[in-house]
Amino acid sequence: MKKFLKKFKSAYFLGPKKIKIIDKKINKIDDIFLIIKVQSCMICGSDIRIYKEGSDRIKKPTIVGHETSGKVVFSRLKKFKIGNKVSLGADFEKENNLAFGYEIDGGFSEYIFLKKKYASRAPIAIFKKNISFDEAALAEPLACCLNGFEKMKFKANKIVTIFGSGPIGLMIALLAQKFGSKKILLVDNNKKRLGYAKKILKCQTILFNKVSFVSDFFKINNKYGADYIFTANPSIDTHKLALKIANKGCYINLFGGVSKKRSKISIDSNYIHYNEINLMGSHGSSEKQHKKALKMIENKEINLKKLITHKFKLSNIKKAYDISMKGKALKVAIRPN
């Protein structure tokens, strides 16, 4: 017990563009029911948005990071034993705004300490098969993608368009491929990422040009629109343009959050009405979806290894953020231990 009372390092978010490694000490462990030694925590697009402009959900200082995996090193719960390898989901079900890396300290830390009220309800899944901790950490974003597919009542043999070929866009594309899509079109303004997309899945790519995009799209897609559209990026322009390439009955998922300063758009309600457009958003995932995503990774149903392009120690987290913000990476893993 005493070994957990020593100092450990965590990266605290202190405000926009401010993150600091701080040594912290737990002085009392009586009310702690679960301790996880963090092995990997990925930088998410929402982590970047928090880093840039903060979040109303986060009280400073807070440890962010919610795409996490690790080992159980202390447990007072029957369902977890010391040595269990675990993947953490982010959102606590049946709770409004309660998630790791937001209201609860997240994974950019050497350890996660959970009190009983959180430990018994946390979205934590054990994995046993031979996958890396980096892969296991990706079960959380993959679960969010699965949530998007389920919300859209996804069917095979349809045309799918994804705005954004970053890690989330690629996960969505890989799932669309797995679920039998007729055609997958990836849109991005980053040539390197589009080239990478072609290497890991069967798809068509469109280099994004705001002025000519709609005509470019219909030319490449033989005058057809899309049946399913995901906006997996932080650009409000793609939300507007999605409506211009939608087939009748199309499902549009505004998947990626945008800057709170530019989140409003005008919509032609008659267009939605007469074309029977299904406009929606999805955010987060359920514990069931997280477990399903983890099993898909364990069973090699979907390969996310190639999405992990960079790995950093906790002490280099500022550099990791910098590389992520410049679009020089896909998934960046922080390895606190």
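**Entry 1: Val 86**

I looked up Val 86 in this predicted model and asked whether Val 86 is buried or exposed. Val 86 has 0% relative accessibility, so I noted this residue as buried. The cut-off for that word is under 20% relative accessible area. I then checked where Val 86 sits in the fold, and found this residue in strand β6, which covers residues 85–88.

Next I asked which residues Val 86 is in contact with, leaving aside neighbours within four places in sequence. I wrote down Ile 36, Ser 69, Gly 70, Val 72, Phe 80, Ile 124, Ala 125, Ile 126 and Phe 127. I picked Gly 70 from that list for a distance check. Gly 70 and Val 86 are 16 residues apart along the chain, yet 5.5 Å separates their C-alpha atoms.

**Entry 2: Thr 161**

I repeated the look-up for Thr 161, a residue of strand β9 (residues 159–163). Thr 161 counts as buried because its relative accessible area is 0%. With neighbours within four places in sequence set aside, I listed the contacts of Thr 161 as Leu 185, Val 187, Phe 217, Ala 226, Tyr 228, Ile 229, Phe 230 and Ile 245.

**Entry 3: a sheet**

I turned to an open sheet and asked in what order its three strands lie. The order is β2-β1-β4, and the pairing is antiparallel. I marked β2 (18–25) and β4 (62–63) as the edge strands, since each pairs on one side only.

I looked at one pairing in detail. Strand β1, residues 7–15, is joined to β4 over two bridges, in the antiparallel sense. I also noted that Phe 13 stands opposite Thr 62 of β4.

**Entry 4: the second largest pocket**

I asked how much space lies in the second largest pocket. The value I copied down is about 350 Å³. I then went through the lining, which is made up of 19 residues. Those nearest the centre of the pocket are Lys 24, Ile 104, Asp 105, Phe 113 and Leu 114. Two elements give two or more residues to this lining, namely β7 (111–115) and α2 (116–119). I recorded β7 as the source of the largest share, with five residues.

Last, I sorted the lining of this pocket by residue class, and asked how many residues are nonpolar, polar and charged. I wrote down ten nonpolar, two polar and seven charged.

Terms used: Residues are numbered from 1 along each chain as its sequence is written. This is a predicted model: local features need pLDDT of at least 70, side-chain atom pairs count only at pLDDT 80 or more; totals for chains, interfaces and linings use all residues. Side-chain values use heavy atoms; hydrogens and water are left out. On a 1 Å grid over the protein atoms alone, a cavity is a set of points where a 1.4 Å probe fits but cannot get out, and a pocket is an open set with protein on both sides within 12 Å along at least five of seven lines; lining residues have an atom within 4 Å of a point. Grid points are joined across faces, edges and corners, and a volume is the space filled by probe spheres set on the points. Helices (H or I, at least four residues) and strands (E, at least two) are DSSP runs, numbered from the N terminus. Ala, Val, Leu, Ile, Met, Phe, Trp, Tyr, Cys and Pro count as nonpolar, Asp, Glu, Lys and Arg as charged, and the others, Gly among them, as polar. Buried means under 20% relative accessible area, exposed over 50%, partly exposed in between (1.4 Å probe, protein chains only). Contact means heavy atoms within 4.5 Å. Two strands pair if DSSP finds at least two bridges between them.
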